[in-house]
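Here's a quick look at a protein chain, going from its overall build down to one pair of residues. Have the sequence and the 3D view open as you read.

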Amino acid sequence: MKLSLTSWSLPACTLSEAAAISRALGIGALDVGLFYRSSLDKELILNDPDHAAARLSSLDIDIPNYYHLFGDGLSGRNLALPNTRDTNLRDLKQVLTFADAAGIDTIFILPGIVNPGQSREDAAKQSIACLADMVALSHDHKAVLTIEPHVQSFAESPSLVMDLVAETGIRLTLDYSHFICLGYRQEEIDLLIPHAGHVHLRQAKMGALQTKFAQGTLNFPAMFGALRQAGYRGALAIEPVHQEYMNTLFEDVLTEIVALRDCFCSWIEGE
């Protein structure tokens, strides 16, 4: 296992600055996406994926993961929205081409929300149909496609996520905080580890998607041990944020990054 840092954890920094901070902190890897000053050029990725990949070479840093949104925000062209599958599949082919050209191991997308007029079951059926085609498409590429189950999606429980995995074979970007804040126990979330292709690290507690390292309930050494026992060998992306989503505005992001880094380094030294 190895650490990474999400570029959107540093919203005021450019992509090159975020990469430099990751190197300075001894992390040495950076997840990239479409947010804040470090945002990649989405239109370039979709229209000229090889050129978009070439732009990243100057960063001189490992990029384990790319976070892609098909539309704007959580709702735009989400996977549970009817009549979006063909357009999203077209875009995904370009995204996979970009990731392969850039040497990015994994991509994560979101599973979809409960749209107006839908039930949770309706949303799941629509998303499953879309994801099945997306997983099939991804088999022609090196990059591994994953979804991140999240608060406000239709897949907010470990059991719903397991159903989604069973139906589609999709891998997961596993972020315990989205389940912990809804009241699920850590041992319930551990059951998802065999399906993880990427992992996010952020401290949380019931009712709070993000909290200070010393005030949360996530037992990170237990998480690391469970991941190792399951044979996980991918990246652990440190992801404290400063954003409006779920009121995650009140932590000193740099302090939290260092705390999570030190926690992992302390654990790995005793391995």
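What follows covers the overall dimensions, the surface and charges, and then the sheet.

Keep in mind that this is a predicted model. Its protein chain comes to 10 helices and 8 strands. With a radius of gyration of 17 Å, close to the 18 Å that the globule rule gives for 271 residues, the chain is as compact as a globular protein of that length, so nothing about the radius should surprise you. Along the principal axes, the C-alpha atoms fill a box of roughly 45 × 40 × 35 Å.

Here are some whole-chain percentages side by side:

| Quantity | Value |
|---|---|
| Buried residues, out of the 271 residues | 55% |
| Contacts joining residues at least 24 apart, among those between residues at least 6 apart in sequence | 75% |
| Carbon and sulfur share of the accessible surface of about 11,400 Å² | 51% |

As for charges, the chain has 20 positive and 33 negative ones, and the mean positions of the two sets are 1 Å apart.

Now for the sheet. It's an open one of 8 strands, with parallel pairing and the order 2-1-8-7-6-5-4-3. Which strands stand at the edges? Those are strand 2 (30-31) and strand 3 (65-67); each has a single partner strand, so one side of each is left without a neighbour in the sheet.

Further in, strand 4 (residues 106-109) pairs with strand 5 (residues 144-147) in the parallel sense, over 4 bridges. To pick out one bridge by residue, look at Phe108: its partner in strand 5 is Thr146.

Conventions. Residues numbered from 1 in each chain as written. Predicted model: local features only at pLDDT ≥ 70, side-chain atom pairs only at ≥ 80, totals over all residues. Heavy atoms only, no water. Helix = DSSP H or I, 4+ residues; strand = E, 2+ residues; numbered from the N terminus. Rg over C-alpha atoms; globule rule 2.2 N^0.38 Å. Buried < 20%, exposed > 50% of the residue type's maximum accessible area, 1.4 Å probe, protein only. Contact = heavy atoms within 4.5 Å. Areas by Shrake-Rupley, 256 points an atom, 1.4 Å probe, with all protein chains shown as cover. Lys, Arg positive; Asp, Glu negative; His and termini not counted. Charge placed at Lys NZ, Arg CZ, Asp CG, Glu CD. Pairing = 2+ DSSP bridges.
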